[in-house]
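This report describes one chain of a complex and the way it meets its partner chain. The sequence and structure are shown first, and the description follows.

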Amino acid sequence: MATTTAQLVITSTDLLSDTLSLSAIATLTNSGSATGVTQTTGLSRTKTESNSQYTLYHGEVASFPFASQDQAAKIYIKNLSTTAAEFITIHINSEELGRLYAGDWAFIPWSVAADTSDIKITPSVTSALTIEHMVFFES
Amino acid sequence: MATTTATITLSSADIQSDVLALTKQATLNKGGTTTGLEQTTGLNKIIYVSTANVLLLDSTVLGVGKAAKVYIANKSTDASEYLDIQIHDQNVGRLYAGDWMFIPWSQSDPDGNIRVKPSVATALPVEYMMIHEGATQTAAA
């Protein structure tokens with residue numbers, strides 16, 4: 001098995017009157033076990049030049065060799081733009097999750113359930129906008 | 001304004017033949033600006049003792065379409081215990097023991113609530129926090 005970790009650190013000295021310094025580390029494992037996930041799409045980079053909606057990951061067995069929401073998967077997405085006004089809107093199926101503005105990233109658990117769980121992105125601009133993305137998933 | 005950063009580090013020496021060592025930092029700003037987010041729920045901790053689907057964050061009380069980031073962590077140490085995450089009626093994914101998520105949240109409509117459903121009715125601890133642009137309160141509710 002592989003050992004893959006994801007660490008989050010959130011810090012601020014002035015958001016609250018008490019310093020914020022939150023750290024969380026997850027070891028990415030198969031569902032309900034201590035066995036590490038062994039598959040990944042690898043780190044990918046996609047450049048868009050349209051504000052149409054793109055399907056980034058299809059939630060179907062042909063794309064990912066597991067078939068139900070019971071299996072573990074995590075998605076990393078980052079908007080590499082450096083222009084503050086540029087964002088991508090993330091949808092799961094038809095439900096809007098949120099906007100990643102320039103420099104923002106997200107780390108999302110993903111329940112795969114055919115095409116009702118497709119991960120879609122809609123850029124805010126028709127000029128070049130680059131994102132990086134990656135999926136870790138269960139054997 | 002406040003300055004708040006969120007840093008992710010993804011590491012693995014053996015998930016692929018190239019070592020994975022990715023670190024990225026984001027400064028959490030208001031939508032389309034370089035002005036930092038100034039409001040937060042603070043870090044909440046809840047211990048769930050039911051498998052009911054329950055409301056975690058209500059999209060009707062804050063700014064629809066404004067910038068918000070949500071952190072949720074399943075603090076259980078039992079590998080079989082998980083937490084299903086939903087937005088409106090859409091399943092997002094499962095947080096297994098020790099897992100965390102960090103997502104943008106558009107609060108795109110009044111039905112866009114974030115809900116959670118624990119897998120067990122025994123004590124399952126969950127931590128969560130939202131850092132957001134929100135709505136400025138101008139009058140007593």
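## Overall make-up of chain B

Chain B contains 11 strands and 0 helices. From the N terminus onward, its elements follow the order β-β-β-β-β-β-β-β-β-β-β. The model is a predicted one. Chain B has a mean pLDDT of 91, with 89% of its residues reaching 70 or more. For the complex, the predictor gives an ipTM of 0.95 and a pTM of 0.94.

Of the 141 residues in chain B, 41% count as buried. Among the contacts in chain B that link residues at least 6 apart in sequence, 72% join residues at least 24 apart.

## The open sheet of chain B

Four strands of chain B make an open sheet, in the order β5-β10-β7-β8, with antiparallel pairing. The edges are taken by β5 (54-57) and β8 (90-96) of chain B; each has a single partner strand, so one side of each is left without a neighbour in the sheet. From one strand to the next, the twist averages 30°.

Within this order, strand β7 (residues 82-87) and strand β10 (residues 114-118) of chain B run antiparallel and are joined by 5 bridges. One residue pair illustrates the register: B:D84 has B:K117 in β10(B) as its bridge partner. In general, strands of a sheet pair through backbone hydrogen bonds, in either a parallel or an antiparallel sense.

## Strand β1 and its two partners

Strand β1 of chain B pairs both inside its own chain and across to chain A. Inside chain B, 8 bridges connect β1(B) to strand β2 (residues 20-27), and the two run antiparallel. Here B:S12 stands opposite B:L20 in β2(B).

Across the chains, strand β1 (residues 4-12) of chain A and strand β1 (residues 4-12) of chain B pair in the antiparallel sense over 9 bridges. Two residue pairs mark this pairing: A:L8 has B:I8 in β1(B) as its bridge partner, and A:Q7 stands opposite B:T9 in β1(B).

## The side of chain B that touches chain A

Which residues make up the contact between the chains, and how many are there on each side? In chain B, 50 residues are in contact with 53 residues of chain A. The elements of chain B that give two or more residues to this side are β1, β2, β6, β7, β8 and β9 (100-104). The most comes from β1(B), which gives 9 residues. By class, the residues on the side of chain B that touches chain A divide into 23 nonpolar, 23 polar and 4 charged.

## The surroundings of B:K69

B:K69 lies in strand β6 (residues 68-74) of chain B. Is B:K69 buried or exposed? B:K69 is buried, because 24 other C-beta atoms lie within 10 Å, and 20 or more are required for a residue to count as buried.

Leaving aside residues up to four places away in sequence, B:K69 touches B:A6, B:L28, B:F102, B:P104, B:M130 and B:I131. By contrast, B:A52 is 17 residues from B:K69 in sequence, and the C-alpha atoms of the two are 25 Å apart in space.

Technical notes: Residues are numbered from 1 along each chain as its sequence is written. Chains are lettered from A and ligands numbered from 1 in the order in which they are written. This is a predicted model: local features need pLDDT of at least 70, side-chain atom pairs count only at pLDDT 80 or more; totals for chains, interfaces and linings use all residues. A residue is buried if 20 or more other C-beta atoms lie within 10 Å of its own, exposed if 12 or fewer, and partly exposed in between; C-beta atoms are placed from the backbone. Two residues are in contact if their C-beta atoms, placed from the backbone, lie within 7 Å. Two strands pair if DSSP finds at least two bridges between them. Axes are lines fitted to C-alpha atoms, for helices over the stretch in contact, and angles run from 0 to 180 degrees between N-to-C directions. Ala, Val, Leu, Ile, Met, Phe, Trp, Tyr, Cys and Pro count as nonpolar, Asp, Glu, Lys and Arg as charged, and the others, Gly among them, as polar. pLDDT is the predictor's confidence in each residue, from 0 to 100.
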